[in-house]
Structures are given as structure tokens and as C-alpha cells.
Amino acid sequence: GFSWTLPDHPKLPKGKPVAVVVLDGWGEANADQYNCIHVAQTPVMDSLKNGAPEKWRLVKAHGTAVGLPSDDDMGNSEVGHNALGAGRIFAQGAKLVDRALASGKIYEGDGFNYIKESFENGASERGAKRIRVHILTDGRDVLDGSSVGFVETLESDLSQLREKGIDAQIASGGGRMYVTMDRYENDWDVVKRGWDAQVLGEAPHKFKSALEAVKTLRAEPNANDQYLPPFVIVDDSGKAVGPVLDGDAVVTINFRADRMVMLAKALEYADFDKFDRVRVPKIRYVGMLQYDGELKLPSRYLVSPPEIERTSGEYLVKNGIRTFACSETVKFGHVTFFWNGNRSGYLDETKEEYVEIPSDSGITFNVAPKMKALEIAEKARDALLSGKFDQVRVNLPNGDMVGHTGDIEATVVACKAADEAVKIILDAVEQVGGIYLVTADHGNAEDMVKRNKAGKPLLDKSGGIQILTSHTLLPVPVAIGGPGLHPGVKFRNDIQTPGLANVAATVMNLHGFEAPADYEPTLIEVAHN
Ligand code: 3PG
Ligand code: CO
């Protein structure tokens, strides 16, 4: 029958402390001036890359390798950390939503049945006669400035609905990083600004149309899609067209768990003290997915999320591995919640310690690009030196969080800071005779410019380069080493196209265990000698 007990690895010893370092947004690209990792002084990561070829390699971190619909889909932290921690490839939120829409199953589930009751009288194609869309401009997972085109498309779709007699309008908006989509409770003011615009119908900016809003607000100096201020759409009498009211059905159309949990709490919890909601409408609320399986939040949802069980963290803790995990707020859930298959909290409190270092809030990270890399590294170092842990796992957010700002100079500083943090951790590994595995969850800082098919930078109308604020499709490094690493260990070359999911079995091996049979194969082998 099933057993949590992992078999001993035939050749690799137990008891060596293992540091697992995830550089967020650190991919491998050609060396040019838009590759901030190349431009930055990164002697430690360079030495890993230029060291023994059997101890450094690239793995896939995007597309089907991490459970996304296609290889045109860039990786992200959620799917990346899921794969790193779970050791298998699970069809992810985006793919599950696509499937449920294509098959129509989304309209058959409990979630849709639940909201349907709010718009039963007056059915159109699927039901609703009055639709209000609260938009968030992105510029982070897509190009900055793409909001204008998206709003045009949406407006034209809504006008087609209006022709069919459905009262459909955009009701409010704002930039995702300033309105609504905070994560890990870094800054509740972000969610409050969204609540005020979306639910209460109140915002500092009022417009007659969303297109006018986005165009006008983008014309402000330093404005960008990620940080547009909140606005509401008003009618001729100046009244907001779409506050959320008693009896409404509300759907949060987002599949990313980390970015929706806070809003879901505000919409669903009767007891809530993070900000004054002023008015709490009686609504039927569903998420596109359930954003936190442990908190069962929200309680109703349209598509069932991937069920990620038997993660490497759970196996290891059940086999006695004592784990320390740390990052700063903006990525803390990545090495805990996502790593553990979207489970919040400890797997086993007696064997684990999770430390969150508060992120700077209220600033964009290009202003402080070193972020908390040093503090994270020092915590990891102390955890290693304490002798209390078998695994010390961190996420260094710099390449990603600063890369998303599109500020090339700041991203260069960010990459250097991350490299310095790696040094502190590797020095500690050296001191304790341990092992390290350094990798990344997806690319970002290694390419900051949008390119044509031939790889040439694209220019905008005024001849400037088109900055790429999103992740990339590029592979990421995996490097292993340290004095505790058995001298015969090297990367195998018989695995076709390994991805992040192959890392979990590798880490289990480094702890002296064999991975479960259904895990993606380990990246390493032990040479006979
Ligand atoms: C975000 O949520 O910030 C972006 O969508 C992607 O960032 P992450 O996947 O690196 O967290
Ligand atoms: Co990112």
C-alpha cells in the first residue's frame, strides 16, 4: 500500500544540510545590454555557470513543462514553485479554466449554479441581463500600454451585448499594483482602493468611459498600466454606474491564487478588520478558482483548482527533514504556500520554521532594488549555522520584482544584490559542509526588451525600445555543489527536456532519499568510482 517512507538513496548519504535557493525571475538569455543579469556584476552566479559543466544546467520553466496550456505561455512564480515543490506537472489554473470554458463545464458546476440565482429573471445567453465589469490594467504580465487595446476590445464586446438588449458596461478600473491585487497582506490599502471603487463606487477620478479614463490617466507623467489610480465610470448625472449592490452576483475573473486571496477575504468574511468596508453588500460571490484550499477561500468557485498532493515538502518532513523557509513578504508564500501545493501554514510545526521578512510597501521596487535580499540571506545563513535544519529554502525576489518595473538600471542593481545574497548562503553552506542547489522559477531580468521573431529589439513610435515588464519564455539554471555533495554526483544527460518539476526528486536525492516513483526523474546520477 501507500507509504510516506522514502527509500534510502543507494549511494547518497543523509545528514548533509541542503540550501535550496530560488532566484525569482532569473533566466538564461544571450548576453546583451538588455540582459540585466549579464550587465550586472554577478560573480557568484557566473562562477557556477562557468564551473564544472556537470554541475550547472538549464531547465524549462514555462509552458507545458509547468502545466500551462501551451509553450507560448510564459512561466510564473505560482506554477514554477508548484512544480519545484511538487515534483510533478499538474494542469494549472489557466489550463483548467481554458478547458472548462471550451467544454462548457464551467456553466454546469456548483459555482455557476450558485450565482445564476442572482440573475435568473431575465435570461440572455447564459443569464445575466445587467453586467458590470471592474477592470484592472496590467502592464506586468503583458506589455505596458496594452491596456488601451484591451479596453477597446472589451468595449466592443460589451457594445455587442448592449445591442442584444443586455445592460453591460465597464464600471471602474485601476492598475493592478495600486488597486486590488496586493498579495500576502503586504499592503491592505491596495485592496481598499479597489473596494472603494468597485463596491462603493467611489474613486478620485471619474470618467464617462473606460477608454477615456485609461488614455487620460496614462498621459500623466510617469503613469503606467500597473499603477494607474482608481477610477469609476459615472453616468450623465455623475453617479457611479456600477457599485456592487445587495443581490448582485460577483465573479473575480482571475486564476492567480496569491493575487486574489485578499480581495476574496474582503468579499466573503463576515468578520473583517483589515479596513473599513463601509458597506458590505449581500452578494453571491464566486472565484474563478478556489484561491486557498486550506482556508477554503472563496467557498464557491467556478473551476476546481489543481489538486496538488504528496509534495516533496510533505514527504521530506514525514521522513524527518527539518526545514527552514524564508523570503520577504512579496514572495514569502512562494517558498511556503506554492511550494507546498497551495497549502497555507506548516506541514509539521515541530519540524519547520517559516520566516517572513516584511517587504517595503508603498513604493515601487525600482526605488529600493536591493529589496530584502541581504536580510533573507542572513536568515538563511543563521539557519544553516544553527545546525537545527536539514533544508534551508529561500526565494530571492529581486530579479522578478524589479524586472517587472521595467527599470533597467534598477534591475541591474537588483541582480547584483541577489548575487551577493547567494554568496552569503553559499559561504554558509561551505562552513557547515553542506550542499546547495541554486535555481530560479522563471525568467524575467535576463531580457528587458520586447523582440521580433529574429530576436531584434522592437522600437516604439518615437524610436525608443519597447520595454518588457513581463516574464520570459527562457530556461533557468540549476546549479549544484558544496562540500557535502558526493564527489561522484553529476547531472544526467539522458533526460530529454527537463523542467522545474525535475528539481524535487533531485533535492530528495541530495537529502539521501530516493524520490517517489511517480515524480519527474531526478536530474542527477552518481558516477561509479
Ligand atoms: C505578479 O503576480 O506579480 C505577476 O503576475 C507575476 O509575478 P510572479 O509570477 O513572479 O509572482
Ligand atoms: Co513575476
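**Helix α15 and its partner α13**

Right after α15 comes G433, a glycine with a positive phi near 70°. The model here is a predicted one, and α15 is a good place to start reading it. This helix covers residues 408-432, 25 residues in total. From first C-alpha to last it reaches 37 Å, close to the 36 Å expected at 1.5 Å a residue.

Next, the neighbour. Helix α13, residues 373-386, packs against α15 at an angle of about 5°, and the two axes sit 9 Å apart. Since angles under 35 degrees count as roughly parallel, α13 is therefore roughly parallel to α15. On the α13 side, the contact is made by A373, L374, I376, A377, E378, A380, R381, L384 and L385. Facing them from α15 are A417, A418, E420, A421, I424, I425, A428, V429, Q431 and V432. Sorted by class, this contact comes out at 15 nonpolar residues, three charged ones and one polar.

Zooming out, the protein chain holds 16 helices and 16 strands. Its C-alpha trace spans about 80 × 60 × 40 Å along the principal axes. The radius of gyration is 24 Å, which agrees with the value near 24 Å for a compact globule of 529 residues. As for burial, 53% of the 529 residues count as buried. Sequence-distant pairs show up a lot in the contact map: of the contacts with a separation of 6 or more, 77% come from residues 24 or more positions apart.

Terms used: Residues numbered from 1 in each chain as written. Chains lettered and ligands numbered in written order. Predicted model: local features only at pLDDT ≥ 70, side-chain atom pairs only at ≥ 80, totals over all residues. Helix = DSSP H or I, 4+ residues; strand = E, 2+ residues; numbered from the N terminus. Rg over C-alpha atoms; globule rule 2.2 N^0.38 Å. Buried ≥ 20, exposed ≤ 12 C-beta atoms within 10 Å, placed from the backbone. Contact = placed C-beta atoms within 7 Å. Expected span 1.5 Å × (residues − 1). Axes fitted to C-alpha atoms, helices over the stretch in contact; angles between N-to-C directions. Parallel < 35°, antiparallel > 145°, perpendicular 65-115°, else oblique. Nonpolar A, V, L, I, M, F, W, Y, C, P; charged D, E, K, R; others polar.
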